[in-house]
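Here is a friendly set of notes to read alongside the model. Please keep the sequence and the 3D view open as you go through the points.

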Amino acid sequence: DFDQVFGPSHDTKFVFEEAVKPIVKHVLDGQNVTIFAYGQTGSGKTYTMLGHDRETGVMRLTLEHLFSCLNENIPKTNL
């Protein structure tokens, strides 16, 4: 069984929005999460996860979202 399957017409932003972004909250709640890209050689797993010069990868999009969520929860103080 698969949670979701994405084809070649789906870009990394779509994969991130559909499969990864909804579970970032679980990470912030202290739960363990694994994102697993599976497919035959040459099917685009590395490009999807790491990205390339024309498209940001899922890993970077995840980190950007994670730090954005953390920033929203940090109390603002006058320095």
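1. Ser-9 is a good place to begin: its relative accessible area is 69%, over the 50% cut-off, so this residue counts as exposed. Ser-9 sits in the segment before H1. Do bear in mind that you are looking at a predicted model. For a sense of distance, take Ser-9 together with Leu-70: 61 residues separate the two in sequence, and their C-alpha atoms are 32 Å apart in space.

2. Now step into helix H1, where you will find Thr-12. Is Thr-12 buried or exposed? With a relative accessible area of 5%, Thr-12 falls under the 20% limit and is therefore buried. Setting aside neighbours within four places in sequence, Thr-12 is in contact with Tyr-47, Thr-48, Glu-55, Thr-56, Val-58 and Leu-61.

3. Leu-61 is worth a look from its own side as well. Not counting residues up to four places away in sequence, Leu-61 touches Thr-12, Lys-13, Phe-16 and Thr-56.

4. Which residues make up the largest nonpolar core? There are six of them: Val-15, Phe-16, Val-20, Met-49, Val-58 and Leu-61. Helix H1 (12-20) and helix H4 (58-72) each supply at least two residues of this core. The largest share, three residues, comes from H1.

5. On to the aromatic rings. The model has two aromatic pairs. In one, Phe-6 and Phe-14 have ring centres 6.0 Å apart and planes at 85 degrees; that angle is over 60 degrees, so the pair is edge-to-face. Phe-6 is partly exposed, at 28% relative accessible area, and Phe-14 is partly exposed too, at 33%. Phe-36 and Tyr-38 form a stacked pair, with 6.3 Å from centre to centre and 20 degrees between the planes.

6. Stay with Phe-36 and Tyr-38 for a moment, since both are exposed. Tyr-38 has a relative accessibility of 65%, and its place is in the loop between helix H2 (24-28) and helix H3 (45-50). Together with Phe-2 and Val-5, these two residues form a nonpolar patch on the surface. The accessible area of the four together is about 590 Å².

7. How many salt bridges does the structure hold? The number is five. One of them joins Lys-25 to Asp-29, with the closest N and O atoms 2.8 Å apart. Lys-25 is exposed, with a relative accessible area of 53%, while Asp-29 counts as partly exposed at 48%. Another links Arg-54 and Asp-53, with 3.5 Å between the closest N and O atoms; both of these residues are exposed.

8. Last, please look at Lys-21 and Glu-17, whose salt bridge has its closest N and O atoms 3.6 Å apart. Lys-21 is partly exposed, with a relative accessible area of 33%, and Glu-17 is also partly exposed, at 30%. Where salt bridges share partners, Lys-13, Glu-17 and Lys-21 are joined into one network. Lys-13 may already be familiar to you as one of the residues that Leu-61 touches.

Conventions. Residues numbered from 1 in each chain as written. Predicted model: local features only at pLDDT ≥ 70, side-chain atom pairs only at ≥ 80, totals over all residues. Heavy atoms only, no water. Core = buried A, V, L, I, M, F, W, Y, C linked by side-chain atoms within 4.5 Å. Buried < 20%, exposed > 50% of the residue type's maximum accessible area, 1.4 Å probe, protein only. Helix = DSSP H or I, 4+ residues; strand = E, 2+ residues; numbered from the N terminus. Contact = heavy atoms within 4.5 Å. Phe/Tyr/Trp six-rings, centres within 6.5 Å; stacked < 30°, edge-to-face > 60°. Patch = residues over 30% accessible without salt bridge, like charges linked within 9 Å, V, L, I, M, F, W, Y side chains within 5 Å. Areas by Shrake-Rupley, 256 points an atom, 1.4 Å probe, with all protein chains shown as cover. Salt bridge = Lys/Arg side-chain N within 4 Å of Asp/Glu carboxyl O.
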